[in-house]
Amino acid sequence: MDDLRVVARFAAGSAGEVLQLFEADRPGDPRPRVAVDAARSFAVGADRTTLQRVAAVDAHRAAKDAVAEAAKHAAHAAGDAAAAAYLHPLARASQVGHILRATAHAARAAELAAGGAPAVGDRCVERAGRRATPGLVDVLRRYPAAPTGKNRVAQLMTALDLSLRAGP
């Protein structure tokens, strides 16, 4: 559970940085905030319950309702943060998404909010790498490398994965 809390804390930190992008797009829709709060609550010691699962699904549904692409990615980041509590100990590359996908979506949201500037997303990944704890890196290294993909979120996740595995 301690490892899961470390992962959820990291993911919630990233999602929280861009939550306002969704809230500006869909005022009054609390679903992504509930997801980030559920992840944060678990990260600081609350039990892992269906709250995290339901909040994750709801935040991903909220992404479908967003108008702006940045808001969609912000909602996905929130959903992925809540889902981080359900990282499985299966040594599969797909599980790395539970560790890093919230950060990748947050970086993409920030980049889109800045007019699509890739440098903004790259800086978000670098900043996330600096706030990653040794415990998070230890958990990450138990899994194979992140799966590669062609979309920008996958590219950001791969860049973060490589950076964290390389160490300081």
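Leaving aside its neighbours within four places in sequence, with which residues is Arg33 in contact?

**Exercise 1. Place Arg33 in the model and list its contacts.**

Before starting, note that this is a predicted model, in which local features need pLDDT of at least 70 and side-chain atom pairs count only at pLDDT 80 or more, while totals for chains, interfaces and linings use all residues. Residues are numbered from 1 along each chain as its sequence is written, and side-chain values use heavy atoms, with hydrogens and water left out.

Step 1. Arg33 is found in helix 2, where helices are DSSP runs (H or I, at least four residues) numbered from the N terminus.

Step 2. Once neighbours within four places in sequence are set aside, Arg33 is in contact with Leu19 and Glu23, and contact means heavy atoms within 4.5 Å.

Step 3. Arg33 has 35% relative accessibility and therefore counts as partly exposed, a class that lies between buried (under 20% relative accessible area) and exposed (over 50%), calculated with a 1.4 Å probe on protein chains only.

Step 4. For a distance across the model, take Arg33 and Val120, which are 87 residues apart in sequence and 23 Å apart in space, C-alpha to C-alpha.

**Exercise 2. Compare the surroundings of Ser14 and Arg131, and decide for each whether it is buried or partly exposed.**

Step 1. Ser14 has its place in helix 1, whereas Arg131 lies in helix 6.

Step 2. With 2% relative accessibility, Ser14 counts as buried, while Arg131, with a relative accessible area of 29%, is partly exposed.

Step 3. Not counting residues up to four places away in sequence, Ser14 touches Ala102, Thr103, Ala106 and Arg131.

Step 4. By the same rule, Arg131 touches Phe10, Gly13, Ser14, Glu17 and Thr103, and the C-alpha atoms of Arg131 and Leu87, 44 residues apart along the chain, are separated by 20 Å.

**Exercise 3. Describe how helix 5 packs against helix 4 and against helix 8.**

Step 1. Helix 4 and helix 5 pack at an angle of about 165 degrees, with their axes 8 Å apart; axes are lines fitted to C-alpha atoms, for helices over the stretch in contact, and angles run from 0 to 180 degrees between N-to-C directions.

Step 2. This angle makes helix 4 roughly antiparallel to helix 5, since angles under 35 degrees count as roughly parallel, over 145 as roughly antiparallel, 65 to 115 as roughly perpendicular and the rest as oblique.

Step 3. The residues of the contact of helix 4 with helix 5 divide into ten nonpolar, four polar and four charged, where Ala, Val, Leu, Ile, Met, Phe, Trp, Tyr, Cys and Pro count as nonpolar, Asp, Glu, Lys and Arg as charged, and the others, Gly among them, as polar.

Step 4. Helix 5 (residues 96-113) and helix 8 (residues 152-166) pack at an angle of about 120 degrees, with their axes 8 Å apart, and these two helices are therefore oblique to each other.

Step 5. The contact is made by residues including Leu100, Ala104 and Ala107 of helix 5 and Val153, Leu156 and Leu160 of helix 8; by class, this contact of helix 5 with helix 8 has nine nonpolar, three polar and six charged residues.

**Exercise 4. Trace the largest nonpolar core and follow one of its residues.**

Step 1. The largest nonpolar core has 60 residues, and those with the most contacts inside it are Ile99, Leu100, Leu136 and Leu164; such a core is a set of buried Ala, Val, Leu, Ile, Met, Phe, Trp, Tyr and Cys residues joined through side-chain atoms within 4.5 Å.

Step 2. Helix 1 gives the largest share of this core, eleven residues.

Step 3. As background, nonpolar side chains in soluble globular proteins tend to be buried together.

Step 4. Not counting residues up to four places away in sequence, Leu136 touches Val6, Val7, Phe10, Ile99 and Leu164.

Step 5. To look back from the other side, Val6 is found in helix 1, and, leaving aside its neighbours within four places in sequence, Val6 is in contact with Thr133, Gly135 and Leu136.
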